Amino acid sequence: MAATIVRSPKLSLSLSTPESTTSNLPSLNQSFFTPLPKRRRCISIYACSAGDQSDSAFGGEIKKGQAIELNKVNDENPYEFNAKDSPNPLPRPLTSADLNNMASQGSRLRVAYQGVRGAYSESAAEKAYPNCEAVPCEQFDTAFEAVERWLVDRAVLPIENSLGGSIHRNYDLLLRHRLHIVGEVKLAVRHCLLANNGVKIEDLKRVLSHPQALAQCENTLTKLGLVREAVDDTAGAAKYIAFSKLKDAGAVASLAASRIYGLNVLAQDIQDDSDNVTRFLMLAREPIIPRTDKPFKTSVVFSLDEGPGVLFKALAVFAMRNINLTKIESRPLQKQALKVLEDSADGFPKYFPYLFYVDFEASMADQRAQNALGHLKEFATFLRVLGSYPSDSGIA
């Protein structure tokens, strides 16, 4: 069946060392863990007062509030974020008044996640940091920016799913921003079919959810004969169903979303494959000190010159030291691709240069890991440690 694309309503966040080293390997603080850039410039960020803005994604009219000037840390791509107040008891997005008060008022750990209340990412944030204040953000970029600008303390964002694969957008953002991976958390994804009170399964004609969630429940939804409509996230679908009081539509979302938005659970565990796990990264402004008294994982990104066996040589630095790799991901090196195109005689690139993201099971406090990266640094054209952090062996 054809899926209709619908923009879901969002709650947006408005933004106004090792024990020893080898001789040829710089210390972590000097080379691999790079501090945040100090260059700053200003952009206009819009903050809206309560009641000034409605859900434009579903036909409402947006009224922009007064623009305020804030410093922006990133050197590229200015962002504009729109704040929206949501009805109680949902959390209110940050406003200009919050920005003025945050520095002087102490509070519990604030953790950014992408989505709205009831999203699986919120559950991951609460698992990673119990008793934290989970702060919803409209986009992945917003969460990165919020941590960099000290609006929140941490961010918890998805990086890969056991069925859907890698979240490429977040791999690209890891390189663009200067945050550090300080941990990981794995969350079992269990989908429910939700609807408003009094609505039965036989009353449903369509179902809304994130495209991946709809695909993961393909068999169940096909048996029910429901038309699938894709929206930005699962919890956003549940929110839209509840706020619009729809009687012919349901949502595929979490059990937590049903409690938050007052929806009935028509069916639980409707995913086709029960082995559905999402891995999330915990991000912070500063790296943690690597240790060897517990299982650690290290994530790096590097690029290589073109040539036969170069990638084999890069991976061999880990194999020869008995270091297990748990993840390999490649992403295009876009600016370099243009250079390769210019150097080509016939106007077509001879090859497409790539960045390689690698996770391996070792701490940066481990001499083997230091030697492996020191070896890799001898011939890699670029190398950066994204983080060395405790590995998560449990799934909740």
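The legends below describe close-up views of a predicted model.

**View 1. Packing of helix α10 against helix α12 in the predicted model.**
Helix α10 spans residues 310–319 and helix α12 spans residues 367–377. Their axes come within 8 Å and cross at roughly 160 degrees, which makes α10 roughly antiparallel to α12. The crossing of α10 past α12 is right-handed. On the α10 side, the residues that meet α12 are Ala314, Val317 and Phe318. Their counterparts in α12 are Ala372, Leu373, His375 and Leu376.

**View 2. The buried and exposed sides of helix α10.**
Val310, Ala314, Val317 and Phe318 are the buried residues of α10. Around the helix axis they cover an arc of only 105 degrees, and therefore lie on the same side of α10. An α-helix has 3.6 residues a turn, so residues three or four places apart point the same way. The cover over the buried residues of α10 includes three strands, β15, β16 (325–332) and β17 (354–360), together with helix α12. Phe312 and Ala319, on the other side of α10, are exposed.

**View 3. The surroundings of Thr298 in strand β15.**
Thr298 lies in β15, the strand formed by residues 296–303. With a relative accessible area of 0%, Thr298 is buried. Its side chain reaches the backbone oxygen of Ala362 at 2.6 Å. The side chain of Thr298 also makes a polar contact, at 2.9 Å, with the side chain of Ser388. Neighbours within four places in sequence being left aside, the residues in contact with Thr298 are Val358, Asp359, Phe360, Ala362, Ser363, Met364, Val385, Gly387 and Ser388. Ala362 and Ser388, the two polar partners described above, are thus among these contacts.

**View 4. Packing of helix α4 against helix α5.**
Helix α4 is formed by residues 140–148, and helix α5 by residues 168–176. The two helices pack at an angle of about 25 degrees, with their axes 10 Å apart; α4 and α5 are therefore roughly parallel to each other. As in the pairing of α10 with α12, the crossing of α4 past α5 is right-handed. From α4, Phe140, Asp141 and Phe144 take part in the meeting of the two helices. From α5, the residues concerned are Arg169, Asn170, Leu173, Leu174 and Arg176.

**View 5. The buried face of helix α5.**
Asn170, Tyr171, Leu173 and Leu174 are the buried residues of α5. Viewed down the axis of α5, these buried residues fall within an arc of 165 degrees, so they line one face of the helix. Asn170, Leu173 and Leu174 are also among the α5 residues that meet α4.

**View 6. Two loop residues with positive phi, Asn131 and Trp150.**
Most residues other than glycine have a negative phi. Asn131, although not a glycine, has a positive phi of about 65 degrees. The loop that holds Asn131 lies between helix α3 (120–128) and strand β5 (133–137). Asn131 is exposed, its relative accessible area being 70%. Trp150 likewise is not a glycine and has a positive phi of about 65 degrees. Trp150 is found in the loop between α4 and strand β6 (154–161). At 60% relative accessibility, Trp150 also counts as exposed.

Methods
Residues are numbered from 1 along each chain as its sequence is written. This is a predicted model: local features need pLDDT of at least 70, side-chain atom pairs count only at pLDDT 80 or more; totals for chains, interfaces and linings use all residues. Side-chain values use heavy atoms; hydrogens and water are left out. Buried means under 20% relative accessible area, exposed over 50%, partly exposed in between (1.4 Å probe, protein chains only). Helices (H or I, at least four residues) and strands (E, at least two) are DSSP runs, numbered from the N terminus. The arc is that of the directions from the helix axis to the C-beta atoms. A polar contact is a pair of N or O atoms within 3.5 Å; within protein, one must be able to donate a hydrogen and the other to accept it, and residues adjacent in sequence count only if both atoms are side-chain atoms. Contact means heavy atoms within 4.5 Å. Axes are lines fitted to C-alpha atoms, for helices over the stretch in contact, and angles run from 0 to 180 degrees between N-to-C directions. Angles under 35 degrees count as roughly parallel, over 145 as roughly antiparallel, 65 to 115 as roughly perpendicular and the rest as oblique. A crossing is left-handed if the near helix is turned anticlockwise from the far one by less than a right angle, and right-handed if clockwise.
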